[in-house]
Each structure stands twice: as C-alpha cells, then as structure tokens.
Amino acid sequence: MKKGENIVNSGNWDKFLSRISVADNSPKTTPIKRIIHNNFKLVAMLFLIIAFSVLLSVNSPAEEPSVLSNFPNYSPEFNNITKEFFICENSAFSYNLSASDINKEDSLYADISPKNPLFLKILKETPAFLTAEIFSGKINKDEAGKNYQVTVSVSDGKSIAAEKLNINTIEINNPPQLENIGAQTISFDRTKNFNKEIIANDTEHDFSGEGKLNFSLSFLSGREIFNINQFGKINFTANQSHLGKYKIKLCVSDSGIKNVHEKISLCNSDGSAKSNCTEFELAIIEKNKAPTILSAFPLQRNFNISGNETLFFNISKFDPEGIIPDSYWYVDDVLKKYDKGYIEEGFNFLFTCDTSGKHKIKVEITDGLLSDSITWEFNVKKVSCLPEDYFICSPVWSCLDWNLCQNAMQSNKVGILSNLDYDKIKQNCQNNSWSDETCGFQIRSCSDIKECTQIFSYKRPTEIQECYFSLNPSCSDNVKNCHSGSCETLPDCGGPCEPCPTCTDGIKNQGEERIDCGLPCAKQCPLLPPAFYEKENIKKAIVILVIILIPILIIKIWHVVKMRKIIFSNLIKSKEIKS
C-alpha cells in the first residue's frame with residue numbers, strides 16, 4: 001500500500017485484514033480466542049454436524065418400548081369411571097369404582113375430596129387392584145338442590161390418578177307432617193270447651209320460610225259441628241245437642257317448591273303441592289269414664305333376662321264411651337311406639353347384648369282425658385356380643401378429613417393427648433424413624449350414617465393416627481400433610497394445594513413424552529406418520545440453524561468492529577505522522 005492511500009478504498013482491504021488478523025495472534029490472545037478469530041467457519045461446521053446428529057437421533061421414529069421394560073413406575077388408572085350423577089333428596093348414594101396398576105407389587109389407596117356429604121370407603125384391596133364405594137347418607141334438605149364437584153383419586157404412593165366427578169342433588173317436595181292427634185274427649189263434668197292447636201311441620205317451609213300451610217277438616221261420621229282456621233286452631237264450645245261420638249279427618253297441605261330441577265322426574269316427583277291427613281275420634285259426653293286394659297301379655301310383671309332375648313307384648317283394651325283408646329309404648333320412659341285404631345295391639349323389643357341392669361317397659365292407653373297403664377320390670381344380664389348380634393343394625397361409618405398434625409410430646413405434656421394414646425403414637429413414630437420433634441398426631445371425626453343407636457363401637461374406624469409434625473405445614477415443605485381444612489394427596493399437591501399431575505389432566509407434565517401418554521402413564525404415545533417427523537425435523541433444523549447463526553453473527557460483528565477500531569486507529573496515526 002502506497003503512502004497516503006486511503007486504506008478503506010484500497011483494493012488491498014483483504015490483505016490488510018489478513019495482516020491485522022495475523023497480527024492479533026499476539027501472546028496476550030488466548031488459544032480459544034485465536035481459534036474463534038481465525039477458524040470460526042470450522043467451529044460453525046462442527047456445531048452444525050453435532051446439532052444435526054442430535055436432531056436425527058431424537059426425532060427418528062423407533063420401535064415402541066415394551067410396557068414392562070426395566071419395570072418403571074407407572075401411574076395407576078381408574079377403570080371406566082362415570083363422572084356425572086344425580087341424587088334425589090331423602091335418598092342415599094352408592095357407586096362402586098375400581099382402579100388398577102401395571103406395577104403388580106404396588107399397593108393402592110383411594111380417597112375423595114372434599115368430604116361430606118360424599119365419602120369413600122375401600123371395599124377390597126389386592127396388590128395392583130382396588131375396589132371402592134363412593135357413598136352418602138340420606139340427602140337432607142340442606143344438601144339438596146346443590147352441585148358437588150368432588151375429586152376421587154387413587155395413588156400408589158409415587159404417582160396418582162384423579163377424576164373430577166359432578167354430583168347433582170335434586171330437591172323434592174316433602175309432604176307436611178302432622179302430630180299424633182289421637183282420641184279426644186269432651187266431658188261436661190270437666191269442661192265444654194275444646195281448644196286445640198294442630199302442630200304441623202313442613203320441611204320446605206321450616207327450612208326456607210317459603211310457602212304456607214293450608215288446613216282443612218271434615219266429619220266422616222256425625223254432623224259438622226266446628227271447623228279449623230288458617231293457623232291450624234280449633235276453638236269450639238259444646239252443648240247438649242252435640243253429645244255423641246264423631247270421626248273426623250284433618251288434612252294439611254303445602255304449596256310445593258319454587259325451583260324445580262329439570263331432572264326431578266328421576267325422583268318420581270314433580271315438585272308440586274303435597275298434603276297429609278290423619279283421622280281421630282271425638283267423644284262428647286256428660287261424664288267421662290277411664291279406658292281399661294282388659295288383658296296383657298306376659299302376665300308376669302318382673303323378669304330376669306339376658307341381654308340378647310327378644311321380648312313380646314300384647315294387650316286388648318276397652319273404652320266405655322265406645323271410642324278406641326290410643327296406645328303408647330315406652331322403654332325406660334322413652335316412647336318407642338304409638339298405636340291407634342285397634343282394640344288389640346302388640347309390641348316387640350330386644351335389649352342388646354351390651355345392656356345390663358334394671359329396665360322397664362310400659363304401655364299406656366288414653367281417651368284424651370283419662371288413661372290406664374301396665375309396667376313390666378326387667379333385670380337384664382349382660383352377655384358378650386357375637387358378630388351376628390351386630391346385624392340388627394350394621395353401622396356405615398363416614399369419616400371427615402384428618403385435622404392439623406400436632407406435636408405428640410407437647411400435647412401429652414399439656415394433657416391434650418392421654419398417656420395411653422401417646423405411647424401408641426410414639427411407638428409408631430419410632431417405627432417411622434421420626435424424632436420427638438417431628439412425632440405428631442392428628443384426629444378426625446367419624447359417624448354412622450345409619451345412626452345405629454345400639455352399637456357405638458362395632459368396626460368403628462380409627463380416629464387418631466401418627467403424622468409427621470412440622471410447625472408451619474404448607475404446599476412447599478415436601479411433606480404429605482393436612483392444613484387449610486383438607487389433606488394433601490401426595491406431598492405438596494392435591495387437597496389444599498394445586499392438583500397433582502395425572503395422566504388425564506390434559507397437560508404435558510411429570511415427564512410425559514406427550515400430553516397424558518408415555519412414562520409414567522400406562523398409555524403409550526402412538527407412533528406419528530413419517531411426514532410428521534419430516535416436518536418436525538425441518539422446524540427443529542431451522543431453530544438450530546438460527547441458534548447457531550446467532551453466535552456466529554455476533555462473533556463476525558465483533559470481529560468487524562474490532563477491525564474497524566484498528567483501522568481507524570491506524571488512520572489516525574497516519575494522519576499524525578503526516579502532520
């Protein structure tokens with residue numbers, strides 16, 4: 001290059017760059033930089049070769065792996081589960097489901113959340129297979145007319161399958177209920193007034209305050225001598241012309257329900273108004289005489305019996321005024337049975353096997369004013385209960401979620417946890433290698449939805465268990481625990497936390513190959529057509545090329561900028577020399 005020649009416009013530009021590039025291989029320049037500066041084309045080619053090799057190895061279709069290859073852990077699966085149900089008010093719900101696991105050695109556990117009014121119990125459990133029942137008690141008015149969205153899950157302790165169920169409860173109209181009016185008597189030697197308020201209860205009216213009750217009264221025998229007002233009250237004063245015996249029918253009706261479910265026909269109902277009626281006898285007389293129990297069985301009044309003996313009673317009765325007295329049967333002063341309209345009546349009773357001591361059974365008859373009664377007394381000997389004794393009423397237990405885990409040692413010190421329970425909890429904690437600081441206990445509440453009153457402990461589920469105690473349980477402590485009103489299904493997911501990843505959630509998670517298929521899902525992803533892989537390869541090739549070209553471009557720009565700095569620096573020096 002001649003002196004004073006503009007280097008930028010010179011035809012020797014390439015030669016100058018070459019000299020600068022070589023000159024840059026100074027001792028201060030690292031080997032890596034020299035390689036990048038002087039051999040970036042070779043480096044780029046190496047990147048391309050590696051990238052395409054990886055691309056082809058990942059996206060080439062291969063044979064589908066064996067399901068049991070290397071025995072990986074697969075997620076359990078439900079078998080043909082129904083997801084929407086309708087339950088009628090006053091009906092109990094029951095639905096059996098099953099789940100299985102490819103890993104034959106896994107034990108499965110099922111649960112439902114939230115609980116109440118729906119619960120779950122395991123019916124049968126074998127390795128890799130489980131059957132369970134979702135059930136409820138009778139749906140009451142408070143639970144009717146609602147939609148319950150619950151999640152039923154099955155887990156092998158490592159992964160989980162979960163399904164959301166839609167439970168619709170249908171409200172129906174219940175007929176109003178009338179009190180037992182029974183036989184009535186107006187005796188002139190006591191009073192000529194007959195003032196009575198009829199007690200009627202209506203589930204819908206009592207629950208929501210909507211609607212009203214309508215009362216009506218008719219005489220089935222004898223002339224009509226009084227009526228009933230809209231509030232269910234009878235106010236009547238008798239005279240000599242009213243003497244005699246009357247048979248009366250009294251009815252009450254409601255106004256139906258306002259919000260009728262579109263599927264209420266499933267409940268054999270239409271939500272319209274319903275009524276209820278009862279009949280009673282009324283005697284109007286000058287002077288009343290008491291009814292009499294003519295005969296009673298057993299004749300003996302005092303007995304020594306065993307707690308598993310069934311007792312039989314019957315009576316016949318008479319009333320001088322010609323009406324049929326009502327009968328009330330009591331066990332230890334608790335009404336067990338009410339009878340009317342028959343001159344002969346019977347009653348059966350069984351003291352359960354766990355009953356002992358002195359007890360009494362009484363029958364009382366009445367015409368509404370006067371009465372007669374007989375009492376039998378029993379000394380009951382307690383006997384040991386046998387399994388068949390419980391089938392008088394077999395409990396169906398339902399349990400709520402476990403409560404918050406509490407430290408066992410501290411709870412024992414302050415008297416919350418008894419010494420007996422603490423010893424059991426501590427032993428279980430030691431079996432799990434938990435220290436005193438992490439040894440906890442939690443409780444839950446279980447109840448019998450059949451309300452069996454005789455037996456309170458038969459097959460009652462445990463209501464206390466050990467748990468891993470942490471001071472502030474959360475959805476990020478890597479512990480399966482209970483907090484915020486419910487329990488996690490797996491550590492830090494399910495219940496109060498975000499849903500656990502499953503093979504049916506429509507999300508590519510938990511290491512799945514594609515959405516809801518591939519390990520850990522039992523469902524294998526189907527092979528895609530070759531055209532798919534070709535398109536995917538092209539897309540990925542473009543992406544890789546862009547990724548490779550970006551650093552090459554950056555290097556090139558950096559290299560050019562550096563050269564320009566050197567060039568301009570040399571130009572400035574040249575001008576300084578000239579000057």
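**Exercise 1. A salt bridge between K83 and E163**

Task: Classify K83 by its relative accessibility, then describe its salt bridge and the parts of the chain that the pair joins.

Solution. Step 1: K83 has a relative accessibility of 43% and therefore counts as partly exposed, since partly exposed residues fall between the limits of 20% and 50%. The structure is a predicted model.

Step 2: The partner of K83 in a salt bridge is E163, and the closest N and O atoms are 3.1 Å apart.

Step 3: K83 belongs to the loop between β1 (77-78) and β2, while E163 belongs to strand β8, so the pair ties together parts that are 80 residues apart in sequence.

Step 4: E163 has a relative accessible area of 12% and is therefore buried.

**Exercise 2. Further salt bridges**

Task: State how many salt bridges a search of the whole structure finds, and examine the one formed by the side chains of K141 and E171.

Solution. Step 1: The search of the whole structure yields 14 salt bridges.

Step 2: In the pair K141 and E171, the N to O distance is 3.0 Å. K141 is in the loop between β6 and β7 and E171 is in the loop between β8 and β9 (177-178), so parts that are 30 residues apart in sequence are tied together by the pair.

Step 3: K141 and E171 are both buried. They also take part in a network of salt bridges that links E89, K141, E171 and E204.

Step 4: Another salt bridge joins the side chains of D142 and K146, at 3.8 Å from N to O. D142 is partly exposed, at 42% relative accessibility, and K146 is partly exposed as well, at 39%.

**Exercise 3. The largest nonpolar core**

Task: Determine how many residues the largest nonpolar core has and which strand gives the most to it.

Solution. Step 1: The largest nonpolar core comprises 25 residues, and those with the most contacts inside it include F78, L97, I134 and V152.

Step 2: At least two residues of this core come from each of β2 (84-88), β3 (94-100), β4 (109-113), β5 (118-126), β6 (129-136), β7 (147-155) and β8 (160-170). The greatest contribution is that of β7, with 4 residues.

Step 3: V152 illustrates the contacts: among the residues that it touches are F78, I81, L97, L120, I134 and L165, and also E163.

Step 4: A separate core of 24 residues lies apart from this one, and F194, F215, A238 and Y246 are among its members. In soluble globular proteins, nonpolar side chains tend to be buried together.

**Exercise 4. A nonpolar patch on the surface**

Task: Identify the residues that form a nonpolar patch on the surface, and place V546 within a helix.

Solution. Step 1: The patch consists of I538, I542, V546, I550 and I554, which together have about 470 Å² of accessible area.

Step 2: V546 is part of helix α6 (residues 530-578).

Step 3: With a relative accessible area of 43%, V546 is partly exposed.

**Exercise 5. The surroundings of D448**

Task: Decide whether D448 is buried or exposed, and describe its contacts.

Solution. Step 1: D448 is located in strand β28 (residues 446-448). Its relative accessibility is 13%, so D448 counts as buried.

Step 2: Leaving aside residues up to four places away in sequence, D448 touches P395, V396 and W397.

Step 3: A polar atom of the D448 side chain lies 3.0 Å from the backbone nitrogen of K450.

Step 4: G137 is 311 residues from D448 in sequence, yet their C-alpha atoms are 8.9 Å apart in space.

Terms used:
Residues numbered from 1 in each chain as written. Predicted model: local features only at pLDDT ≥ 70, side-chain atom pairs only at ≥ 80, totals over all residues. Heavy atoms only, no water. Buried < 20%, exposed > 50% of the residue type's maximum accessible area, 1.4 Å probe, protein only. Contact = heavy atoms within 4.5 Å. Polar contact = N/O pair within 3.5 Å; in protein donor to acceptor, adjacent residues only side chain to side chain. Core = buried A, V, L, I, M, F, W, Y, C linked by side-chain atoms within 4.5 Å. Patch = residues over 30% accessible without salt bridge, like charges linked within 9 Å, V, L, I, M, F, W, Y side chains within 5 Å. Areas by Shrake-Rupley, 256 points an atom, 1.4 Å probe, with all protein chains shown as cover. Salt bridge = Lys/Arg side-chain N within 4 Å of Asp/Glu carboxyl O.
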